[in-house]
Amino acid sequence: MFTTEFLDLPALDTAHGTVSLPGSKSISNRVLLLAALSQGTTVIHDLLDSDDTRVMLAALRQLGCRIAPDAVVPGQAIEVTGIGGQLPADAAATLFLGNAGTAMRPLTAALAVLGGSFEMTGVPRMYERPIGDLVDALRQLGCRIAYLGNEGFPPLKIGRPDFSRFGQAPIQVRGDVSSQFLTSLLMALPLQAGSRDIVIEVVGELISRPYIHITLELLARFGIAVKNENWQRFVIPAGSRYRSPGEIHVEADASSASYFIALGAIATGMADTADADNATGRKSIRILGVGRDSIQGDIRFVEAARAMGAQVESGPNWLQVARGEPGQGWPLKAIDLDCNHIPDAAMTLAVMALYADGTTTLRNIASWRVKETDRIAAMAIELRKLGATVEEGPDYIRITPPASRADWKAASIHTYDDHRVAMCFSLAAFNPAKLPVRIEDPKCVAKTFPDYFEALFSVCQTERERIPVICIDGPTASGKGTIAAEVARALGYQLLDSGALYRITGLAASRAGLALDESNEETIAEMALDMPVRFDAQQRVWLGDEDISLAIRSEQAGMNASRVSALPAVRSALVDLQLAFQTLPGLVADGRDMGTVIFPHAPLKVYLSASAQCRAERRYKQLISKGISANISTLLADLEARDARDMQRATAPLKPAEDALLLDSSELTIEQVVAQVLSWWQERQPFGRA
Ligand SMILES: O=C(O)C1=C[C@@H](OP(=O)(O)O)[C@@H](O)[C@H](O)C1
Ligand SMILES: C=C(OP(=O)(O)O)C(=O)O
């Protein structure tokens, strides 16, 4: 997951490949609650691991459910042992439910019916999301719920219910603010249906109806057969009792699929038709885990995408999407659509509208205003930043794309702690003006799809020149490794420690018993080409399965690196390897010839230096702190000898690139140096400029 302050997406061109999507949030949280209310153990496969499911899991644990393992492990099922429809008489807890509507609302209903002493809390935005209609419905039964803040909103205090006056009258619930209120009643009231039918009546329009379908489907799997009378009355039959199905699989998330369906519809296909993987002769996006047989209503996003021009094929649990042919499906066709049935995925249509041939209107989306943020307002503001003309109404949004390529603007997209805003605006990176897009606070995708951007980058391509590289060159011990790692961390970029490549080559060659000189130049070069090198986010260096971070940091390894790096055949063998690190979303490359030789077109080159005395002292402190004994004057002499060798070698000698910015760090802290590099980088960005 990208935890950076912002994530800059370079302009993207093509997309093809396969994505396996994470589990459905709506299914995951329902299954967890249903398993918790059942007797016995439910084995859940492919559960979503995200903020929304984590708050649900934590709450269920607090309520006494046994859940193993402790955290969701990819590829491993999770086992939930339920409470069998009962809580201890003295059950009490304060539950934190973040901003998860699918946790707050259903848990409120279940706990209000089970009874105890509970406080239902969440993030500040949760306290602006209505729950009054659900509380009103639960009070009809005799549930005791009090508002701890504003009337009609969480936080809530739940007590013991008094069902003595709960008669035969149907429970009435409004359906026009959120379908989650009805879902919550449908999942909680089977706990009270021992000896009588329970009837729930929807008052007014029922919005987001397909989510009720998910609820009914899953209730059926847990042994509750609700009678659906035309989406207006729901009867939970007397004698209903939760029974674990034993084992259950969570489908991939159909709302998350919308970003990749849109991607397939917008991105250019591959020119290579011989290698094409669908009937249109274009490369396309294949989405695994959700398809034609999905129980999720958002699968109907496919119809909307088709109406706009996307070419979509589907199977039971897969989708394949390609952009339409010019004039047929591209540019996309503007649509006018009632989106009440796909409230979440419809946000993706709003960004697709930027690529349409006219004005797109999305209607009947009033519920957008009470979700993670006021989504109608947020979408309007952010789409305008990109150059679109947007009209918003109480329950609709109308989007006209930028009139021409020149009308597109580079924008920094504010994301309002709304995962869907972050995800759908990433698609703006395909703009015809080839402008980058900044996504602020990218970690907000953690609500439902923590690795969204990783998944996006895994199927997107762009011209190499558009993938930014920041070069940080300089002499030994100038601190460039630390600075490069910090800059890469701040920007969410890949990191290339090119010096380490030479160290690794030196290590591998000396382990192979080769003298590090011209006599072995070709052998060492061949060996270098095959090295399975990897740098990880913790700045560890791997050679195959071996963590060689320490082995390559010794002074000896440094000297060996300097020796092999003077061999031209070795340098050229490592060039391709270094270029391969230039991947999305960008690269910070640290070394001696990054700006001069390897990435001569890099948009920012920094030449980092410090006095020899200062570098020797830093190196001394570093070695001592690692328990390695050292002597300053020897270090200084070595360092000067190495400077001389690095600067005088015939191939790629150490020197600042002509367009490098010089930075002397002798008197600066690490933070100051990092801040300077980031500020130079920021100055080169088009975001936010008038
Ligand atoms: O029941 C569910 O799982 C959901 C219902 C929908 O909410 P509303 O019913 O409030 O529209 C949807 O937006 C939300 O993401 C998930
Ligand atoms: C509205 C959403 O979430 P919640 O489940 O919190 O209502 C959403 O995921 O878009």
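Strands (E) are DSSP runs of at least two residues and helices (H or I) are DSSP runs of at least four, and both are numbered from the N terminus. With those labels in hand, here are some close-up views of a predicted model.

**View 1. A cis peptide bond leads into Pro69.** Most peptide bonds are trans. The bond from Ala68 to Pro69 is cis instead, with omega near -5°. To find Pro69, look in the loop between strand E5 (66–68) and strand E6 (78–81).

**View 2. Leu584 and Pro585 are joined by a cis peptide bond.** Omega is about 0° here. Pro585 belongs to the loop that runs between helix H17 (568–579) and strand E31 (587–591).

**View 3. Helix H1 packs against helix H3.** Two packed helices are described by the angle between their axes and the distance between the axes. For H1 (residues 25–37) and H3 (residues 101–114), the axes come within 10 Å and cross at roughly 25°. An angle under 35 degrees counts as roughly parallel, so H1 and H3 are roughly parallel to each other. H1 passes H3 in a right-handed crossing. On the H1 side of the contact you will find Lys25, Ser26, Asn29, Leu33 and Leu37, which meet Thr102, Ala103, Pro106, Leu107 and Ala110 of H3. Sorted by class, the residues of this contact are six nonpolar, three polar and one charged.

**View 4. Helix H3 also packs against helix H5.** The axes of H3 and H5 (residues 180–188) are 8 Å apart, and the packing angle is about 40°. H3 and H5 are therefore oblique to each other. Their crossing is right-handed. H3 brings Gly101, Thr102, Arg105, Pro106, Thr108, Ala109, Ala110 and Val113 to the contact, while H5 brings Gln180, Phe181, Thr183, Ser184, Leu185, Met187 and Ala188. The residues of the contact of H3 with H5 divide into eight nonpolar, six polar and one charged.

**View 5. Ligand 1 sits in a shell of 13 residues.** Which residues are the closest to ligand 1? They are Ser26, Ser178, Ser179, Ser208 and Tyr211. H3 and H5 are the elements that give two or more residues to this shell. Count the shell around ligand 1 by class and you get three nonpolar, nine polar and one charged. Domain 1 (6–21 + 252–462) and domain 2 (25–249) each supply at least three of the shell's residues.

**View 6. Ser208 has a positive phi.** Most residues other than glycine have a negative phi. For Ser208, phi is near 50°. Ser208 lies in the loop between strand E12 (198–203) and helix H6 (210–221), and you have already met Ser208 among the closest residues to ligand 1.

**View 7. Ligand 2 lies between two domains.** Around ligand 2 are Asn99, Ala100, Gly101, Thr102, Asp344, Lys371, Glu372, Arg420 and Thr448. This shell has one nonpolar, four polar and four charged residues. Why is ligand 2 said to lie between domain 1 and domain 2? Both domain 1 (6–21 + 252–462) and domain 2 (25–249) give residues to the shell, so ligand 2 lies between them.

**View 8. Stepping back, the domain assignment gives three domains.** They are domain 1 (6–21 + 252–462), domain 2 (25–249) and domain 3 (465–683). Taken over C-alpha atoms, the centres of domain 2 and domain 3 are separated by 55 Å.

Key:
Residues numbered from 1 in each chain as written. Chains lettered and ligands numbered in written order. Predicted model: local features only at pLDDT ≥ 70, side-chain atom pairs only at ≥ 80, totals over all residues. Axes fitted to C-alpha atoms, helices over the stretch in contact; angles between N-to-C directions. Parallel < 35°, antiparallel > 145°, perpendicular 65-115°, else oblique. Left-handed = near helix turned anticlockwise from the far one by under 90°. Contact = placed C-beta atoms within 7 Å. Nonpolar A, V, L, I, M, F, W, Y, C, P; charged D, E, K, R; others polar. Near = placed C-beta within 6 Å. Domains from an automatic or database assignment.
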